[in-house]
Amino acid sequence: MITAIATLIGSVISGLTALFVASIQNNKTTALIVYRLEQLEKKVELHNNAVLRLTAVERDLKTVYRLVDDISDDLRD
């Protein structure tokens with residue numbers, strides 16, 4: 001009977017220890033995932049800003065080409 005109780009207590013302590021260690025490891029993993037997502041969000045934001053700036057440059061470049069064509073046409077006339 002004493003052996004059974006000792007085995008039960010040992011099993012409970014072992015199980016609680018395993019749960020505790022798993023919980024700590026899970027918290028570290030969660031923190032790492034959150035950190036990595038934040039870094040990825042920053043990179044995506046930089047990319048989106050670059051795309052917006054490039055779109056504006058393309059629009060301005062079309063305007064410049066149009067103006068150059070107009071000036072060219074005026075000089076030919």
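Visitor: About how many helical turns separate Arg76 and Asp73 in helix α1?

Guide: A word first: this is a predicted model. Now the answer. Arg76 and Asp73 are 3 residues apart in helix α1, so about one helical turn separates them.

Visitor: What do Arg76 and Asp73 form?

Guide: Start with the rule. A side-chain nitrogen of Lys or Arg within 4 Å of a carboxyl oxygen of Asp or Glu makes a salt bridge. Here, Arg76 and Asp73 form one, with their closest N and O atoms 3.7 Å apart.

Visitor: How many salt bridges does the structure hold?

Guide: It holds 2. Besides the Arg76 pair, Asp60 and Arg59 meet through their side chains, at 3.7 Å from N to O.

Visitor: Which of these residues are exposed, and which partly exposed?

Guide: Use relative accessible area. Exposed means over 50%; buried means under 20%; partly exposed lies in between. Take Arg59 and Asp60. Arg59 is exposed, at 52%. Asp60 has 42%, so Asp60 is partly exposed. Next, Arg76 and Asp73. Arg76 reaches 67% and is therefore exposed. Asp73, at 36%, is partly exposed.

Visitor: Which residues gather in a patch of negative charge on the surface?

Guide: Asp and Glu count as negative. A residue joins a patch if it has over 30% relative accessible area and no salt bridge. In this structure, Asp69, Asp70, Asp74 and Asp77 make up a negative surface patch.

Visitor: Where does Asp74 lie?

Guide: Asp74 sits in helix α1, which covers residues 2–76.

Visitor: Does Asp74 count as buried or exposed?

Guide: Exposed. Asp74 has 58% relative accessibility.

Notes: Residues numbered from 1 in each chain as written. Predicted model: local features only at pLDDT ≥ 70, side-chain atom pairs only at ≥ 80, totals over all residues. Heavy atoms only, no water. Patch = residues over 30% accessible without salt bridge, like charges linked within 9 Å, V, L, I, M, F, W, Y side chains within 5 Å. Areas by Shrake-Rupley, 256 points an atom, 1.4 Å probe, with all protein chains shown as cover. Charge placed at Lys NZ, Arg CZ, Asp CG, Glu CD. Helix = DSSP H or I, 4+ residues; strand = E, 2+ residues; numbered from the N terminus. Buried < 20%, exposed > 50% of the residue type's maximum accessible area, 1.4 Å probe, protein only.
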